[in-house]
Amino acid sequence: MSGQRPTARPYDTLLAKGEERKLQILAVAQRLLSRNGWRSTTLAQIAREAGVTPAGLLHHFESKEQLLQAVLEARDTDDELHADQEGDIIENLVNVADRFRRSPDLVGMFAVLLIENLEPDAPLHDRLLERYRAALASVSEGIRRGQRSGRFRTDIDPAVKAVEVVAFLNGMETSWLLDPSIPLNTVFKEYVRSLERELTPASTI
């Protein structure tokens, strides 16, 4: 889940269609970052795996930080292409499980980068914190829409419930990466069903 996309982002041009070499570098970076983390992944490793020279990689991405920002941009773009920000919050949450299977490298990369950048002075901390807050805003607004329509109880604080929901999503990412055999769809459906029961007024159950 993520917040509304701004009209323009500083790294949008890095993901322009037709730039096959950049997309290949991004795909390799995602795979290596999910495996080794950003501290243990060098530009030379990424260049070698992508079949380009280090100078060729730097032609497309001026620094390691810019490449890191670009792989996060790819994750955000993937989310936004497959999520209906104005749609039903319950349906959107059920569909998150599909993203795990559709883009395992993106899921793994994000989980690793998140853990590596918890400290305030880490290079991606501010961007990841902004994304986390956007996810909270998106979930809480989805709950508010349900409250305004009369579908959800109004005595539940959407902001507090959003923290729980996003924690569930982050926790499921880590659990699935550790053990891909878990019944992902079943767990998601059970959690979302329980959440819907909690949010629905007793008189309509």
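Helices (H or I, at least four residues) and strands (E, at least two) are DSSP runs, numbered from the N terminus. The exercises below concern a predicted model, in which local features need pLDDT of at least 70 and side-chain atom pairs count only at pLDDT 80 or more, while totals for chains, interfaces and linings use all residues. Residues are numbered from 1 along each chain as its sequence is written, and side-chain values use heavy atoms, with hydrogens and water left out.

**Exercise 1. The chain as a whole**

Task: State how many helices and strands the protein chain has, and what share of its residues is buried.

Solution.
Step 1. The secondary structure consists of nine helices and zero strands. Read along the sequence, the pattern is α-α-α-α-α-α-α-α-α.
Step 2. Buried means under 20% relative accessible area, exposed over 50%, and partly exposed in between (1.4 Å probe, protein chains only). By this rule, 45% of the 205 residues count as buried.
Step 3. The chain exposes about 10800 Å², of which carbon and sulfur atoms supply 54%; such areas come from the Shrake-Rupley method with a 1.4 Å probe, and for residues only the protein chains shown count as cover.
Step 4. Contact means heavy atoms within 4.5 Å. Among contacts between residues at least 6 apart in sequence, 71% join residues at least 24 apart.

**Exercise 2. Helix H8**

Task: Compare the span of H8 with the expected one, and determine where its buried residues lie around the axis.

Solution.
Step 1. The expected span of a helix is 1.5 Å times one less than its number of residues. H8 covers residues 158–178, which is 21 residues, and its first and last C-alpha atoms lie 30 Å apart, close to the expected 30 Å.
Step 2. The buried residues of H8 include Pro-158, Ala-162, Val-165, Phe-168, Leu-169, Met-172 and Trp-176. Seen down the axis of H8, its buried residues fall within an arc of 150 degrees, so they line one face of the helix; the arc is that of the directions from the helix axis to the C-beta atoms.
Step 3. Val-160 and Leu-178, on the other side of H8, are exposed.
Step 4. At the N-terminal end, Asp-157 caps H8, with a side-chain oxygen 3.0 Å from the backbone nitrogen of Ala-159.

**Exercise 3. Where H7 and H8 meet**

Task: Describe the surroundings of Ala-159 and Ser-140.

Solution.
Step 1. Ala-159 is in helix H8 and is partly exposed, with a relative accessible area of 37%.
Step 2. Beyond four places in sequence, Ala-159 touches Ser-140 and Arg-144. Its C-alpha atom is separated by 7.1 Å from that of Leu-136, 23 residues away along the chain.
Step 3. Ser-140 lies in helix H7 and counts as buried at 6% relative accessibility. Not counting residues up to four places away, Ser-140 touches Pro-158, Ala-159 and Ala-162.

**Exercise 4. The nonpolar cores**

Task: Identify which residues touch the most other members of the largest nonpolar core, and which element gives the most to this core.

Solution.
Step 1. A nonpolar core is a set of buried Ala, Val, Leu, Ile, Met, Phe, Trp, Tyr and Cys residues joined through side-chain atoms within 4.5 Å.
Step 2. The largest core has 26 residues, and Phe-100 and Phe-188 touch the most other members. The elements giving two or more residues to this core are H5 (89–102), H7 (125–149), H8 and H9 (184–199). H8 gives the most, with seven residues.
Step 3. Another core, of 25 residues, lies apart from this one; among its members are Leu-68, Leu-72, Leu-106 and Phe-110.
Step 4. Leaving aside neighbours within four places in sequence, the contacts of Phe-188 include Phe-100, Phe-168, Leu-169 and Met-172.

**Exercise 5. Leu-113 in helix H6**

Task: Place Leu-113 in its helix and list its contacts.

Solution.
Step 1. Leu-113 is found in helix H6, residues 104–116. The 13 residues of H6 should span 18 Å at 1.5 Å a residue, and its end C-alpha atoms are 18 Å apart, which agrees.
Step 2. Leu-113 counts as buried at 0% relative accessibility; other buried residues of H6 include Leu-106, Met-109 and Phe-110.
Step 3. Beyond four places in sequence, Leu-113 touches Leu-33, Trp-38, Leu-68, Val-71, Leu-72, Leu-124 and Leu-128. The C-alpha atoms of Leu-113 and Leu-128, 15 residues apart along the chain, are separated by 8.7 Å.

Methods: Polar contact = N/O pair within 3.5 Å; in protein donor to acceptor, adjacent residues only side chain to side chain.
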